[in-house]
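Colleague: Can you take me through this model? I would like to go over the helices and then the overall fold.

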Amino acid sequence: MLPPECETALQQLDAFRRGELAAEEMASMRGHLEACRRCLAFKQHEEAFLDRLLTAAQSCTCPDELRTTIYQMIAKESRDN
Ligand SMILES: [Zn+2]
């Protein structure tokens with residue numbers, strides 16, 4: 001079981017990252033992350049994951065071959081129906 005302040009912190013993490021929380025919530029979040037290793041570790045882990053995802057998405061252009069396959073699948077679907 002997480003302490004209630006950690007549950008709140010983790011629930012608000014996304015909004016915090018996007019800067020969508022009210023000023024005092026942003027401040028208490030920052031305070032909590034400084035004080036709580038568990039939530040800080042979670043946040044850093046998540047950010048590392050998002051970073052990797054973003055890097056992967058940027059370097060991955062859909063290959064022509066795959067696009068063709070998808071088009072063929074769609075064409076086949078609509079033929080079969
Ligand atoms: Zn915490």
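**Helices and overall fold**

Modeller: Start with H3, in what is a predicted model. H3 has 13 residues, which at 1.5 Å a residue should span 18 Å, and its end C-alpha atoms are 18 Å apart, so the two agree.

Colleague: How many buried residues does H3 have among its 13 residues?

Modeller: The count is 1, so H3 is hardly covered.

Colleague: Where does Ser28 lie, and is Ser28 buried or exposed?

Modeller: Ser28 is in helix H3, which covers residues 23-35. Ser28 counts as partly exposed because it has 17 C-beta neighbours inside 10 Å, and a buried residue needs 20 or more.

Colleague: And Leu33?

Modeller: Leu33 is also found in helix H3. Leu33 has 19 C-beta neighbours inside 10 Å, so it too counts as partly exposed.

Colleague: What separates Ser28 from Met1 in space?

Modeller: Their C-alpha atoms are separated by 21 Å, with the two positions 27 residues apart along the chain. For Leu33 and Gln58, the sequence separation is 25 residues and the C-alpha to C-alpha distance is 30 Å.

Colleague: Changing topic. What is the secondary structure of the protein?

Modeller: The protein has 5 helices and 0 strands. From the N terminus on, the order of elements is α-α-α-α-α.

Colleague: Which crossing can you describe for H1 and H4?

Modeller: Helix H1 (residues 4-11) and helix H4 (residues 37-59) have axes that come within 10 Å and cross at roughly 20°. Angles under 35 degrees count as roughly parallel, and H1 and H4 are therefore roughly parallel to each other.

Colleague: Left-handed or right-handed, that crossing of H1 and H4?

Modeller: The crossing of H1 and H4 is right-handed.

Colleague: What about H5, does its length work out the way it did for H3?

Modeller: H5 runs over residues 64-80, and its 17 residues should span 24 Å at 1.5 Å a residue. The end C-alpha atoms of H5 are 24 Å apart, which agrees.

Colleague: How many of the 17 residues of H5 are buried?

Modeller: The count is 0, and H5 is hardly covered.

Colleague: What share of the 81 residues of the protein counts as buried?

Modeller: The figure is 5%.

Colleague: What is the radius of gyration of the protein?

Modeller: The protein has 21 Å, whereas a compact globule of 81 residues would have a value near 12 Å. The C-alpha atoms fill a box of roughly 60 × 30 × 25 Å along the principal axes.

Colleague: Last one, on confidence. Where is confidence lowest and where is it highest?

Modeller: Confidence is lowest in H5, with a mean of 81, and highest in H3, at 96. The protein averages a pLDDT of 88, and 98% of the residues score at least 70.

Technical notes:
Residues are numbered from 1 along each chain as its sequence is written. This is a predicted model: local features need pLDDT of at least 70, side-chain atom pairs count only at pLDDT 80 or more; totals for chains, interfaces and linings use all residues. Helices (H or I, at least four residues) and strands (E, at least two) are DSSP runs, numbered from the N terminus. The expected span of a helix is 1.5 Å times one less than its number of residues. A residue is buried if 20 or more other C-beta atoms lie within 10 Å of its own, exposed if 12 or fewer, and partly exposed in between; C-beta atoms are placed from the backbone. The radius of gyration is taken over C-alpha atoms; the globule rule is 2.2 Å times the number of residues to the power 0.38. pLDDT is the predictor's confidence in each residue, from 0 to 100. Axes are lines fitted to C-alpha atoms, for helices over the stretch in contact, and angles run from 0 to 180 degrees between N-to-C directions. Angles under 35 degrees count as roughly parallel, over 145 as roughly antiparallel, 65 to 115 as roughly perpendicular and the rest as oblique. A crossing is left-handed if the near helix is turned anticlockwise from the far one by less than a right angle, and right-handed if clockwise.
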